[in-house]
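Me: I am new to this structure and would like a close look at a single part. Please take the surroundings of the ligand, and then the aromatic rings.

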Amino acid sequence: MHSFLEKQFGLRGQVALVTGSSQGLGLAMARALGQAGAHVIVNGRDPGKLTPVVHRFAEHGLHAHAIAADLSDRAAVQRLVEESIAWKGHLDILVNNAGIIKRTPAVDHTDADWDAVLNVNLNGVFVACRAAGKHMVARGSGKIINIASLLTFFGGVTVPGYAASKGAVGQLTKALSNEWAAHGVQVNAIAPGYMRTDNTAALQADPKRSLEILQRIPANRWGDPSDLEGAVVFLASHASDYLTGHVMAVDGGWCGR
Ligand code: NAD
């Protein structure tokens, strides 16, 4: 890499944990961080899905390590972060990507659906931030990147728990940034637009909703997981050292419309 790019965007020797990285946006972001030089910890609930990812990364010269953990379980999240720190003795980058969505009208949204969404999308994110933040603040450096949503800004339709959780992720990002910026730890969020992954499978399969969404996207296409690669490397790198408390939409122009 050219020395300017290496200094600004290179992540050589750094350790990154990407939660929920066996597929979708998390997989694309984990790969991108690895390609920028980071040692990457891939995570998901099912170890059987993580091992092939580590092997595929290795075939492309990327250094990855798998740690399975269920992010709806606070103790498991705490363990995940502690084991991630223990792997190389430090953790430089945390990407809180794992997230779930339950689509039901508010009047039918059960407590179980609400709790399931809030547990993974908000409670797990806070526990991971707290555990990683404690380590990063003590070291005087670190990057935390939370995966928010357009529903951090908008209310969405028939996904009340998801909208509430992602709105909270935006506020949590700012709250942590306010506390940790002076300690060299930047906390930002990426708000992806409508991306082609399992998370949006129901929308993609509904021709009416799918077309409505497409017609509102100025870029005139749904996003692809690869559209987040540059954004996550930027927010993980020295290039963004004076950028914190920000929710960056990568949405083909949706928010501007
Ligand atoms: P996805 O369903 O393909 O991936 C979600 C990932 O989270 C999977 O790897 C899954 O295994 C993991 N996960 C879910 N629950 C978990 C748990 N309890 N423990 C551990 N891992 C768990 O969807 P995606 O689109 O890649 O979603 C990634 C993130 O991006 C989510 O936070 C989602 O809300 C957010 N997002 C997605 C879109 C989109 O259009 N796809 C838009 C905005 C935000």
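Reply: In this predicted model, the ligand is surrounded by 28 residues. The closest of them are Q23, N97, Y162, M195 and T197.

Two of these closest residues, Y162 and T197, also place polar side-chain atoms by the ligand. For Y162, a polar atom of the side chain is 2.6 Å from an oxygen atom of the ligand. For T197, an N or O atom of the side chain is 2.5 Å from an oxygen atom of the ligand. D70 faces a nitrogen atom of the ligand instead, with a polar side-chain atom at 2.9 Å. As for cover, the ligand on its own has 820 Å² of accessible area, and the protein covers 94% of that.

Now the aromatic rings. How many aromatic pairs does the structure hold? There are two. A pair of rings is described by how far apart the centres are and by the angle between the planes.

One pair is formed by Y194 and W222, with 5.8 Å from centre to centre and 70° between the planes. This pair is edge-to-face, because its angle is over 60 degrees. Y194 sits in the loop between β6 (185-192) and α7 (201-205). W222 sits in the loop between α8 (207-216) and α9 (229-236). The two residues are 28 apart, and their pair links distant parts of the chain. Are these two residues buried or exposed? Y194 has a relative accessible area of 17%, so Y194 is buried. W222 has a relative accessibility of 5%, so W222 counts as buried too.

Y194 also pairs with W254, at 5.0 Å centre to centre and with 45° between the planes. That angle is neither under 30 degrees nor over 60, so this pair is classed as tilted. W254 belongs to the segment after β7 (247-250), whereas Y194 is in the loop between β6 and α7, so the pair ties together parts 60 residues apart in sequence. Like Y194, W254 is buried.

Y194 thus appears in the pair with W222 and in the pair with W254. Y194, W222 and W254 make up one aromatic cluster.

A charged side chain meets this cluster at W254. R216 lies over the face of W254, 4.1 Å from the ring centre. R216 also lies over the face of F154, where the distance to the ring centre is 5.8 Å.

Conventions. Residues numbered from 1 in each chain as written. Predicted model: local features only at pLDDT ≥ 70, side-chain atom pairs only at ≥ 80, totals over all residues. Heavy atoms only, no water. Phe/Tyr/Trp six-rings, centres within 6.5 Å; stacked < 30°, edge-to-face > 60°. Helix = DSSP H or I, 4+ residues; strand = E, 2+ residues; numbered from the N terminus. Buried < 20%, exposed > 50% of the residue type's maximum accessible area, 1.4 Å probe, protein only. Lys NZ or Arg CZ within 6 Å of the ring centre and 35° of its normal. Near = heavy atom within 4 Å. Polar contact = N/O pair within 3.5 Å; in protein donor to acceptor, adjacent residues only side chain to side chain. Areas by Shrake-Rupley, 256 points an atom, 1.4 Å probe, with all protein chains shown as cover.
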